Amino acid sequence: MDYIFSRRHPEFYFSDGTAVFELISRDCPGGVLYKLHIGLLSHRSGFFATLFSLPRNQSQSKQILSEGTVDDNPIKFPSTLSRSDVDYLLMYLYRGPSMYPMDRTLVLSQQFLVSVLKLSTFFEIEDGIQFAIREFNRLGNRLHPALQFELARCCGIDIWIPHAFRRLMLMDITELDAGHVAQIGRSGYFWLTQTKAKMQALRSKIAFHVPPIVNSPECATHDACATSWTREWQDHVRQLIHHPENPIPCVTLLHDLRNVHVTGLCEKCQDLTVTWLWGKCLFTQEEDLFEEAVQALEKLQSEEVLREAAWDSVLQYISL
């Protein structure tokens with residue numbers, strides 16, 4: 001009996017609870033008992049509403065009839081869950097917002113939000129899902145894009161895919177460690193590295209080849225304009241494209257070339273040349289490559305087999 005008491009959760013084993021649960025997991029091999037309220041769980045969770053609506057009758061065994069009513073025969077939580085995840089979910093369900101865990105900057109703990117989102121998705125707790133999404137959105141760029149991408153693909157938050165992927169594209173690949181790569185997943189990492197490689201090849205092509213100038217019929221200094229255009233490309237455009245810390249997007253570069261006067265180049269020749277570049281669509285291919293990757297990743301979101309595989313990852317994910 002002392003052993004049973006020692007396994008009762010110090011906070012979430014309620015004396016007036018109506019259902020006993022047990023969790024035995026990697027971070028809790030000895031097991032922990034929770035005694036929770038069927039009414040609350042059924043009201044908040046589609047999973048538990050279904051579970052507790054299953055009929056029981058006297059023809060069933062005593063083991064089935066007593067399941068969840070005593071410590072010796074608890075309802076088993078999946079062993080893939082972690083104690084920290086379950087505890088954080090119960091904090092969300094039972095505590096008020098003022099008692100939610102905070103980090104050092106006095107914002108809600110990301111680990112708390114991750115646990116609430118993962119288990120709310122698993123147990124079909126819609127208000128928990130919306131709460132976590134809303135709080136993560138408030139974090140902005142403090143949420144690492146690899147983690148955001150992981151949560152998006154595993155919890156079905158499709159709207160996060162483009163934003164997280166774009167932020168990953170802006171990072172140097174060496175900034176991602178093994179944990180980040182695991183969060184991004186095999187398919188995500190494939191599209192990330194492939195798209196980066198294709199964009200780099202495109203940018204190198206654009207930087208190396210100086211586009212021909214399109215002279216205006218009204219220009220009286222064709223040779224001078226051509227020389228100024230070539231000099232601008234070789235001395236400035238290439239540096240902007242290949243900047244080691246903040247390379248300029250090609251579309252932004254075109255906008256700048258239209259709006260910033262190039263020394264020694266007449267206005268009409270500059271305008272015609274930039275318009276011609278827009279028409280060639282070469283400078284917009286970066287965005288086309290990005291959209292191609294995002295569409296492929298969004299398609300994966302709808303494939304049930306891959307979503308199930310992603311769930312294997314999210315249920316084994318314990319810490320940030």
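Let us begin with the charges of the chain. There are 30 positive and 38 negative charges, and the mean positions of the two groups are 2 Å apart. Please keep in mind throughout that this is a predicted model.

I turn now to the overall form. The chain contains 15 helices and 4 strands. How far does the C-alpha trace span along its principal axes? The answer is about 100 × 40 × 30 Å. The radius of gyration is 28 Å, whereas a compact globule of 320 residues would have a value near 20 Å.

Next, the surface and the interior. The accessible surface of the chain is about 17400 Å², and carbon and sulfur atoms contribute 56% of that area. Of the 320 residues, 44% are buried. As for contacts, let us take those with a separation of 6 or more: 65% of these join residues that lie 24 or more positions apart.

One helix illustrates burial well. Helix H9 runs from residue 160 to residue 169, and 7 of its 10 residues are buried, so we may call this helix mostly covered, given that buried means under 20% relative accessible area. Which residues of H9 are buried? They are Trp-160, Ile-161, Ala-164, Phe-165, Arg-167, Leu-168 and Met-169. An arginine, Arg-167, is thus listed here beside residues such as Leu-168 and Phe-165. The cover over the buried residues of H9 includes H6, H7, helix H8 (145–155), helix H10 (178–208) and H14.

Two of those covering helices, H6 and H7, lead us to the loop between them. Helix H6 covers residues 110–122 and helix H7 covers residues 126–139, with Glu-124 placed in the loop that separates them. What is particular about the backbone of Glu-124? Its phi is near 60 degrees, which is a positive value in a residue other than glycine. Glu-124 has a relative accessible area of 48% and is therefore partly exposed, since the exposed class requires over 50%.

A second residue of this kind is Cys-281. Its phi is positive, at about 65 degrees, although Cys-281 is not a glycine. Where is Cys-281 found? This cysteine sits in the loop between helix H13 (267–280) and helix H14 (285–301). Is Cys-281 buried, exposed or partly exposed? With a relative accessibility of 39%, Cys-281 counts as partly exposed.

To close, I would ask you to find three places in the structure: helix H9 with its buried residues, Glu-124 between H6 and H7, and Cys-281 between H13 and H14.

Notes. Residues are numbered from 1 along each chain as its sequence is written. This is a predicted model: local features need pLDDT of at least 70, side-chain atom pairs count only at pLDDT 80 or more; totals for chains, interfaces and linings use all residues. Side-chain values use heavy atoms; hydrogens and water are left out. Helices (H or I, at least four residues) and strands (E, at least two) are DSSP runs, numbered from the N terminus. The radius of gyration is taken over C-alpha atoms; the globule rule is 2.2 Å times the number of residues to the power 0.38. Buried means under 20% relative accessible area, exposed over 50%, partly exposed in between (1.4 Å probe, protein chains only). Contact means heavy atoms within 4.5 Å. Accessible areas come from the Shrake-Rupley method with a 1.4 Å probe; for residues, only the protein chains shown count as cover. Lys and Arg count as positive and Asp and Glu as negative; His and the chain ends are not counted. The place of a charge is taken as NZ of Lys, CZ of Arg, CG of Asp or CD of Glu.
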